[in-house]
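Open your viewer and keep the selection box at hand. The stops below go from one residue out to whole chains.

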Amino acid sequence: MRCTMFNWASTLLGVGIVCGAAAGALAAERSSGLGEIGRIATEAELKAWDIDVRPDFMGLPPGSGDVWQGEEIWLEKCAACHGDFGDSNEIFAPIVLGNITEQDIATGRVAALEDPAVARTTLMKVATLSTLWDYIYRAMPWNAPKTLSPDEVYALLAYILNLGYIVDDDLVLSDANIEEIQLRMPNRNGMTQEHGLWSVTGEPDVNGDSCDTACEVDVAVTSSLPGYALNAHGNLAEQVRDWSPYPGLWTSPEPMTGTQAAAADDTSPETLLSQSGCTACHQMAGQLVGPGFDAIRARYAGEENAAYLSQKIVNGGAGVWGAMPMPPMPGLNSDTLERIVVWLTTVSDQTGEES
Amino acid sequence: MADRQQENGQLRLAPESFLAPELINDIQRHGVNESRRKLLRGAFTAAAAVSVAPHLRAGDDPDIVNIPEWSRTLGKPVAANPYGLPSPYESNIIRRQSPGLTQTDQASVAFTPLQNLFGMITPSGLHFERHHQGWVDIDPRRHRLMINGLVESPLVFTMEDLLRFPSVSRIHFLECGANTALEWGNVAVPTVQYSHGMLSASEFTGVPVSLLLERAGYDRQRARYLLAEGADGSSMTRTINLENALDDAIVAYGQNGEMLRPENGYPLRLVVPGVQGVSWVKWLRRLEVGDRPWAAKDEASHYVDLMPDGSHRQYTSIQEAKSVITAPSGGQKLLKQGYYCITGLAWSGRGSVSKVEVSVDGGRNWRVARLEGPVLPKALTRFNFDWTWGGEEALLQSRVTDTSGYTQPTRTQLVAIRGTRSIYHNNAIQTWRVGADGEVHNVQLG
């Protein structure tokens, strides 16, 4: 909204009214127009998508399931990834490992979380049973999400809680008792929202220094990658442009090859000749099985020789450079052939000028 | 002369950059014998030019004197690539996984190659990937956004509906809360791609969340939080502070001028500037207005920060100010002494970058770096710093100060408060050690 305010001092009120009216009209036009976009969701649509369950169990569908039903479903649909007892770490972090004590369940704080040597499991961390119900219902099983019924989710959750010794094996978990069972979650008091990272205006817990000259800092290197680990992420030389001012380190155990550009560059003569099999018989300078490329280039410099060389390479021949025949190369891709011939014939004919 | 060869673990300039004019003359006069050829091995073009094209004088660049083939041939037609692709010479500049980081590729990460990028925008094809249950191709004609909860009436929008709303376009960074997570305890990865590559930035286009909530008639008295939910198999959910949602959050369909890439949420994702990536729910299908947080899986089991006393910080969302030198950086090598432009990125989830300083001696002395504009709130800011390397060992660091007055801490300062097991929100100053051999390595100090 743009308002030109000439002579604003004497007409301040008037301008204000004009602008306000215009802005109001625009807003009205906008809101009335926008009010037509979209439509009201139906009951069935809401039921299909509004599946979230909060810690106060708003959104929880009714139902029930027991530990033994849960075990049966678990073995069929869950154990392949999580292990029969939810303790596998092969694919995902373990759900339960037996690091929860009676004391934890009483206090609502898992003491083992203070011990860096103890691996964290889902049941050691999660404070709210609703979280597990919600997640299993919306996202499990891994390869067939949203195929479990509410009763199956209750049963699975009963089995998981029993694996963690949080409930006995005669539990029937249902919408009627889930709130009460949540009060047994071993880490229910282990979460805090008292920190500065929840809000953009939150107070930081750590802040850096402003010292900029002769600051007292310890510059001893305390950690670095051991040499044998440098290649754990592949050859670093391949992960940076090799023509940059700071190319990547060659960390592969394989012998160093030409530049990455040469490897990727199918127009580089070296690559073309090597990939096309030419270097089996020819080298850059001097006779090998066949003549050196230096001699070929010296003899056939000039575009007028391109057609002759092309047919010679494709059809092969003998007698030009000696008795050894050149085998025909009919499989050579025409693009590659053209590039090789262009390279072979593109040499200045000023031989001898330098000497 | 750009051509180089690598030999015996070293990177070397092509031979003609090293050869004395006398030797070149000698080769021109007497040809190349075995010992001379050894010097030239690998520099195919140069060697050939010198040996068989003696018109080249010392110092002549054969890539200039021998007119390159691309200067002598007819180029390709328009629309040969109807959707443009990077040069084939860029085929190694790609997203990469950290081997062994995850056991499945569906719940995994592919990191952005920050060491190779310029400016403040990440090419959409190199935007980092983090999925929780794989990524999906969604038909935009069949995609819907539902808004429900504490609203006058629950609404449903088609993509056509959403594109009718007045749109905004904003440049913002997107950083995973677990970026640099591998480095809490010790150095674990070799390059900035793996240490900081869960970081990207794009121009996002879409509808302000505030406009959609107004359209739905949200309950201004009771509304405190927003739940965002995806349409993929995981239907991932995150609680968003209403403060963030109303301030600058966007329901986005556009990314860098085109539609979002599928791996980044096509056709719809939430953009919550300054907040960790997990809250930017991809394939967004639903927003629910509520009065309490949801404690969803990724805010109750994952994305909770373990403190030394065994408590977990829940709903840690804001990405605090952070910076990193992207080049020269770990796993690279300075080929010669002399001038280098140290370059890097700085960002803050609490506002704009106000200052970046660079130290080449491990933090004892700092000088202010140049900020390349534009400097935008909650966006990546490119910084550059002039440095002349004299072959001495150096410890390169950058530190950012943002408009809230917050300065990026050292790793020692951060670990003193948070310990080493919190996984998330590691925004410590990064150190790259330059050896006398020019090799640059990831290190931690003191």
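A residue counts as buried if 20 or more other C-beta atoms lie within 10 Å of its own. Keep that cut-off for the first stop. Bear in mind that this is a predicted model.

**Stop 1: one residue.** Select Val400(B). It sits in strand 23 (residues 394–402) of chain B. Is Val400(B) buried or exposed? It is buried, because 29 C-beta neighbours fall inside 10 Å. Now show its contacts, skipping neighbours within four places in sequence: Ala321(B), Lys322(B), Ser323(B), Ala346(B), Ser348(B), Val353(B), Val356(B) and Gln408(B). Add Leu345(B), 55 residues away along the chain; its C-alpha atom is 9.4 Å from that of Val400(B).

**Stop 2: the domains of chain B.** Colour chain B by its assignment: domain 1 (4–71), domain 2 (108–313) and domain 3 (322–443). Measure between the C-alpha centres of domain 2 and domain 3 of chain B, and you should get 27 Å. Their contact draws 30 residues from domain 2 of chain B and 28 residues from domain 3 of chain B. On the domain 2 side, pick strand 7 (168–175), helix 6 (192–196) and strand 15 (305–306) of chain B; each gives at least two residues. By type, that side holds 18 nonpolar, 10 polar and two charged residues.

**Stop 3: the domains of chain A.** Switch to chain A. Select domain 1 (64–182), then domain 2 (263–345). Here the C-alpha centres are 69 Å apart.

**Stop 4: between the chains.** Show both chains. The contact involves 123 residues of chain B and 106 residues of chain A. On the chain B side, colour by type: 46 nonpolar, 50 polar and 27 charged. Next, zoom in on strand 1 (residues 39–40) of chain A and strand 6 (residues 155–158) of chain B. They pair antiparallel, over two bridges. Which residue of strand 6 of chain B is the bridge partner of Ile40(A)? Select Leu155(B) to see it.

**Stop 5: the cores.** The largest nonpolar core has 145 residues. Its members with the most contacts inside it are Ile136(A), Leu156(A), Leu157(A), Ala158(A) and Val251(B). Helix 8 (residues 150–163) of chain A supplies the largest share, 10 residues. Centre on Ile136(A). Beyond four places in sequence, Ile136(A) contacts Leu148(A), Val153(A), Leu156(A) and Leu157(A). For a last selection, go to another core, set apart from the largest one. This other core has 10 residues, including Leu272(A), Met284(A), Ile340(A) and Val341(A).

Key:
Residues are numbered from 1 along each chain as its sequence is written. Chains are lettered from A and ligands numbered from 1 in the order in which they are written. This is a predicted model: local features need pLDDT of at least 70, side-chain atom pairs count only at pLDDT 80 or more; totals for chains, interfaces and linings use all residues. Domain bounds come from an automatic or database domain assignment. Two residues are in contact if their C-beta atoms, placed from the backbone, lie within 7 Å. Helices (H or I, at least four residues) and strands (E, at least two) are DSSP runs, numbered from the N terminus. Ala, Val, Leu, Ile, Met, Phe, Trp, Tyr, Cys and Pro count as nonpolar, Asp, Glu, Lys and Arg as charged, and the others, Gly among them, as polar. Two strands pair if DSSP finds at least two bridges between them. A residue is buried if 20 or more other C-beta atoms lie within 10 Å of its own, exposed if 12 or fewer, and partly exposed in between; C-beta atoms are placed from the backbone. A nonpolar core is a set of buried Ala, Val, Leu, Ile, Met, Phe, Trp, Tyr and Cys residues joined through C-beta atoms within 7 Å.
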